[in-house]
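User: I've got the sequence and the model open and I'd like to go through them piece by piece. Let's start with how the contacts spread along the sequence.

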Amino acid sequence: MSISIDEVRHVAKLARLELEESEILSFQTELNALLGHFGDIQSVDVSGIEPISHAVSLQNVWADDQIWESVPREQALRNSPLSRAALFVVPQIIED
Amino acid sequence: MAAAELARRIASREVSCVEVAKSYLAAISQHDPQLGCFLALDPEATLRQAEAAQLMVDNGTAGPLAGVPIALKDNLSTEGLETTCASKILKGYVPPFDASVVTKLRLAGLPILGKTNMDEFAMGTSTETSAYQLTRNPWDRNRAPGGSSGGSAAAVAGSLAPLSLGSDTGGSIRQPASLCGIVGFKPTYGRCSRYGLIAFASSLDQIGPLAQNVEDAALLASILTGHDPLDSTSLNVPPISTKDLKSGSLRGLKIALPKELFDDSLSPDVRKVIEEAIEALRKEGVQFKEVSIPSIAVGVTTYYIIAPAEASSNLARFDGIRFGPRSEGKGHIGVVERSRAEGFGHEVKSRIMMGTYALSAGYYDAYYLRASQVRAVMTQEFKAAFEDCDAVLSPTSPVPAFKLGELTADPLALKLLDYCTIPANLGGFPAISLNCGFTNGLPIGLQLMAPAMQDERLLQIAYSIEKAMPPPKLPSLA
């Protein structure tokens, strides 16, 4: 399987990465080298094998619904590049 | 000096915690400009913590490593101390809380020396993808320390810290430990809380110790491990015990050698040193058995689908809104796209792209789903191999430390080097790397793997094996 320039652009859009034209070309080369290598996985017989997403099969880890102290608001906002009046300031989301 | 010995001298009042901290801070200011291990230091805070540790020693409330300073990989959240994951996207980020392992270290009285360099977001094998600086291997400064916990490994090997913490997603503790000639231990997945570890691939990430020897690694692991309700994947089992660490024996030990980890990818120099180590252990009464674990052959592919897939999701949170620098752009999406483009380095973008592709419509079944099935196959194959042996032995890295810049132009070649360490992450079982010799002045690491939850047994075996190897040594810093 190989990846086209248009697919690289589409994936970058999905990944929310604004890429330069030169980067798009270099990622196409790099991803194709990886995908070329990844062909080896198709040879493994996985018929009837249940996929696992985790090595440890923990299920339904419950916690008591307790109130505890959380990070104070000023501290939570301190790392924000832009905040005002105890709020994160975000760019305009809905156009005029 | 090894951590256990240092702790003994502190406990017997031969030296104070503050004196110890000061001597390491002095070593850092003298040698770190050349080695490049540290990204952030806060000497005043280190000394305050050393004073507090001394109080514990004086009160008789000190744990086994009280007063022994430690360096932390820069993906572990430290309240009040900048934490960047060696990425520009977290430049200036000061966490408002401590990772759970950091809390445990503070309670146990280990002063924090600083934050160590790493591959950006732990994505790499040489610490060269750091957005900030190169770290040099203390054995040969023209060579890489390995990665991604390269700063943590080089700090211990360079005697800038007696202990350090790393994180291991595909070998990032064990491989740099191997290349720097020290011990690196990845516990069973779930034994160390990941709360406050900035996530790379959540189903694979595990925190663990880097140390001069197995005893130090085991003592540190006993402090780091234990159940944490703040991490829902934390196992509800007691911390690792060091009670039986020294009571093992090599005689009668059954160790499996998977032929897939001794194939032609192994450099002749590494093969020679590992085979000599195996021969030495055979003479001590260890029984070796060659086994086959066929799925190892596709381990790299499986890992490089699953880890980037998880990373592409985990790293979605870096958007320039709540932390890190924000770039100018058109509207909300424009700002996010530009902030991420300017904040992430090439390797991180590459993995986000790969992961997004592997999870995207039309490719999910061929890549992520299939990789998750192979992961199940590999876990079963290792389970079977472990059934009639105590541990599995292999090289940690197929090559000794390589030159800085030697492999940066070939990202695929660099990734293929991970094939020895990846299985323990995919299967969640514990693994440790310890030095077993040298080739041309460069250290070679031997890896041991054991079944999940057999951390104590693995450490006990590693301790016995270490005794049969040449004694651990560190390079002298000129």
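User: Among contacts in chain B between residues at least 6 apart in sequence, what percentage join residues at least 24 apart?

Analyst: Heads-up: this is a predicted model, where local features need pLDDT of at least 70 and side-chain atom pairs count only at pLDDT 80 or more, while totals for chains, interfaces and linings use all residues. Residues are numbered from 1 along each chain as its sequence is written, with chains lettered from A and ligands numbered from 1 in the order in which they are written. A contact here is two residues whose C-beta atoms, placed from the backbone, lie within 7 Å. With pairs at least 6 apart in chain B as the starting set, the share joining residues at least 24 apart is 75%.

User: Is chain B compact or spread out, and what is its radius of gyration?

Analyst: Chain B has 15 helices and 11 strands, where helices (H or I, at least four residues) and strands (E, at least two) are DSSP runs numbered from the N terminus. Its C-alpha atoms fill a box of roughly 65 × 55 × 45 Å along the principal axes. The radius of gyration is taken over C-alpha atoms, and the globule rule is 2.2 Å times the number of residues to the power 0.38. For 478 residues that rule gives 23 Å, so chain B is as compact as a globular protein of that length, with a radius of gyration of 21 Å.

User: What percentage of the residues of chain B count as buried?

Analyst: A residue is buried if 20 or more other C-beta atoms (placed from the backbone) lie within 10 Å of its own, exposed if 12 or fewer, and partly exposed in between. By that cut-off, the buried share of the 478 residues of chain B is 62%.

User: What about chain A: what is its radius of gyration?

Analyst: Chain A has 3 helices and 2 strands, in the pattern α-α-α-β-β. Its C-alpha atoms fill a box of roughly 55 × 45 × 25 Å, and 18% of its 96 residues count as buried. The globule rule gives 12 Å for 96 residues, so chain A is more spread out than a compact globule, at 23 Å.

User: Which element gives the largest share of the side of chain A that touches chain B?

Analyst: Across the interface, 45 residues of chain A are in contact with 55 residues of chain B. On chain A, the elements giving two or more residues are α1 (5-14), α2 (21-38) and α3 (73-77). That side divides into 31 nonpolar (Ala, Val, Leu, Ile, Met, Phe, Trp, Tyr, Cys, Pro), 7 polar (the others, Gly among them) and 7 charged (Asp, Glu, Lys, Arg) residues. The largest share, 7 residues, comes from α2(A).

User: Which strands stand at the edges of the sheet in chain B?

Analyst: Two strands pair if DSSP finds at least two bridges between them. In chain B, 11 strands form an open, mixed sheet in the order β1-β3-β2-β4-β6-β5-β10-β11-β9-β7-β8. Two of them have a single partner strand, so one side of each is left without a neighbour in the sheet: β1 (38-41) and β8 (287-291) of chain B.

User: What is the bridge partner of G184(B) in β6(B)?

Analyst: β5(B) runs antiparallel to strand β10 (residues 431-439) of chain B over 3 bridges, and there G184(B) stands opposite S433(B). β5(B) is also joined to β6(B) by 2 bridges, again antiparallel. In β6(B), the partner of G184(B) is L210(B).

User: How many residues of helix α7 of chain B are buried?

Analyst: α7(B) covers residues 214-224, and its buried residues include V214(B), E215(B) and D216(B). Just after it, G226(B) takes a positive phi of about 125 degrees. The helix is largely enclosed by the rest of the structure because its buried count is 11 of the 11.

User: Y195(B) caught my eye; why does it count as buried, and how many C-beta neighbours does it have?

Analyst: Y195(B) is in the loop between β5 (183-186) and β6 (206-211) of chain B. Leaving aside neighbours within four places in sequence, Y195(B) is in contact with A99(B), S100(B), D228(B), L230(B) and D231(B). D98(B) is 97 residues away in sequence but 8.7 Å away in space, C-alpha to C-alpha. Y195(B) counts as buried because its C-beta neighbours inside 10 Å number 20.
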